[in-house]
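Trainee: Could you take me through the enclosed spaces of this protein, one after the other, and explain the terms as you go?

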Amino acid sequence: MAKFYLTTAIDYVNNLPHLGTAYEKVAADAIARYKRMAGFDTRFLMGNDEHSTNVEKAAREKGMSPQEYCDQMAEAFQAVWKRLDISYDDFIRTTEPRHVKAVQTLFRAIVDAGDVYKGKYEGHYCVGCERFYPEKDLVDGKCPVHKTVPQWVSEENYFFKLSAYGPLLLEHIRKNPEFIIPESRRNEIVNVVEGGLEDISVSRASGTWGIPLPNDPGHTIYVWFDALINYITGVGYPDRNGDYSKYWPADLHVIGKDITRFHCIIWPAMLMSAKLPLPRTVLGHGWVQFQGEKLSKSLGNIVNPLEIADRWGADALRYYLLREVPLSRDGDFTWELFIDRYNADLANDWGNLFTRTVSMIHRYRAGKVTASAPIEGMEGVITSALRDYGAAMERYEIDKGIEAAWSVIRRANRLVEEKAPWNLAKDPARGAELDALLATLVAALQHTALLLHAVMPAKAREVWETLRLAPAIEKVRLPKAGALLPSPAPAEPIGASKPLFPRIER
Ligand SMILES: [Zn+2]
C-alpha cells in the first residue's frame, strides 16, 4: 500500500488557535481524509511548539512554570482540534523526551558533518518572531511583522553553515519543481537563495527553557532548529527502523507562507547536512483575513473558530474556509459572506436535496428505496465529478474538489424540478419513473456524501447513516476511474427527514 505522510506547522502556545491557525489544520485534515479515502496508508502529524521565549513569558505572567503552562495549553489546543473534527494520528509536543532525543541526535549528526562552529553573534532579535533580522529588513527600526523594536543581542553562539548549502538547494529546487508550491513561493525562495545565504545562529547562551546542546549543555538549541525536527520525531527518529523507514520522507508539509524560508531553506539544509532525505513537498498557504485585514491580536479582530463551530457547526466553518480560501492565495472571512455561503450552498443546495429526497421516500414509498438504475445522464455526471474531484485533490485544490461535488448536487436538484415527482406520485402508471428518480437522488446523495466527507465529515456521515448506507463512510474507498459505488437498496426503511443545515435568519 502506498503511504502518505503529512504534517502541519506546530503552534506556539502563547495564544489559543485563531481562525488562521484553524484554517491550516482544517485544510491538512481534508487532505489527510482524502488520502485515506484514496487508499493511502496515511499518517497525519500535528503538535505544539513549546520551547519559545514567548511561551516562557506567557507562563511567568500567569505565575506558572513553563512546563505546567504548556501542559495546560496542550489540552486546550487538542480540545479545539477535536471540536473541529481534525483527524490527526499523532500530536507531538517539543518538550517530550522523544523529541529531545531526536533533536540532540540530529544536532550531533550536523556537528559530526563539520557544519557547526562557534562564533560571536550580534543582531536584532524579534522575540515575537523568534528570529534575527538584518538591518535592511527592519521597517523604521522595527520588526516588519510585529512593529516592535527588536532586542539587540550580542553573545557567543553556535552557527550552522547554511551558506554552504545554497548551490545544493538550488539544484534540488530545479530538479524537483513540486518541492515548493505554489510557484510564487518557489520563485521567492529561489530569489533568496540566489541572493546568497548567511550562516545562522543555532544556539542561545542565555536561555534555560530549551533543549541543551549535546556538545555544550550550557547552551540551548535555537527554537526554530528544535521545532523543525518535530517532523522526524513524529515518525520515530532517531530509530531508523519502524515508522521512520515506512513514512519518511514526508510527502507534504502544510505551513503558512510567512514561514516558508524556514521550511524550504533551513530545514532541507539541516537534513542534507545530516544526510537524511528531504520532504517531497512544502506547501506555503496564504492567510485568512478578516474583512480584508490580517488577523492580529493588536488589531483586536481575532475570530474564535469555536464561536462559529458552536453556533453553526464545525462542518459549516470547515466548508466556508475550504471553499472560500484556496491554499494558493489569501482569502477573506466576513460574516456576510459566511451567512450567504451557508444559506445558498449548504441550506439550499445540499441540505435541500437531502431533506426533500428523504421526505419523498417516506411520503411516496414508506421509507424504502427501490433498486433502480440511475436516470440517464446522471451516471456520467457522477463519474466526471469523481474524476475531477480526484484530480483536484491530488493538486491540493480543495475548493475545486468541492466544486466537483456541487456539479452532482446541482444536477440532482434540477432533476427534481424537471421530473416533478409530486405529479408522478399521482399517476399509478408512472410508478417506475418515480422509483427511478428516487434511486437517482439517493445515488447522488451517496456520492456527494463521499466527495464531501473530507471537508464536512460529520454532515457526510449524517447523510450516509440516514440513508442506511454500508459500510461506515470512513471505510469506503473512492471507486476506480469510471466506476460508481454499488447502488444502495437497504432492506430497512431509511432514517427520518430533518434539516441538514437549518437556515440562518439574518
Ligand atoms: Zn517580529
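Mentor: Let us begin with the largest cavity, whose lining is made up of Val369, Thr370, Ala371, Ser372, Ala373, Pro374, Ala439, Thr440, Val442, Ala443, Ser487 and Pro488. The model is a predicted one, in which local features need pLDDT of at least 70 and side-chain atom pairs count only at pLDDT 80 or more, while totals for chains, interfaces and linings use all residues. Residues are numbered from 1 along each chain as its sequence is written, and side-chain values use heavy atoms, with hydrogens and water left out.

A cavity here is a set of points, on a 1 Å grid over the protein atoms alone, where a 1.4 Å probe fits but cannot get out, and a lining residue has an atom within 4 Å of a point. The space in the largest cavity comes to about 50 Å³, where a volume is the space filled by probe spheres set on the points, which are joined across faces, edges and corners. Sorted by class, its lining holds eight nonpolar, four polar and no charged residues; Ala, Val, Leu, Ile, Met, Phe, Trp, Tyr, Cys and Pro count as nonpolar, Asp, Glu, Lys and Arg as charged, and the others, Gly among them, as polar.

Two cavities of 30 Å³ or more are counted by this rule, and the second largest has a volume of about 40 Å³. Around the second largest cavity stand Tyr23, Leu322, Val325, Pro326, Leu327, Tyr396, Ile398 and Asp399, a lining that divides into seven nonpolar residues, no polar ones and one charged.

Key: On a 1 Å grid over the protein atoms alone, a cavity is a set of points where a 1.4 Å probe fits but cannot get out, and a pocket is an open set with protein on both sides within 12 Å along at least five of seven lines; lining residues have an atom within 4 Å of a point.
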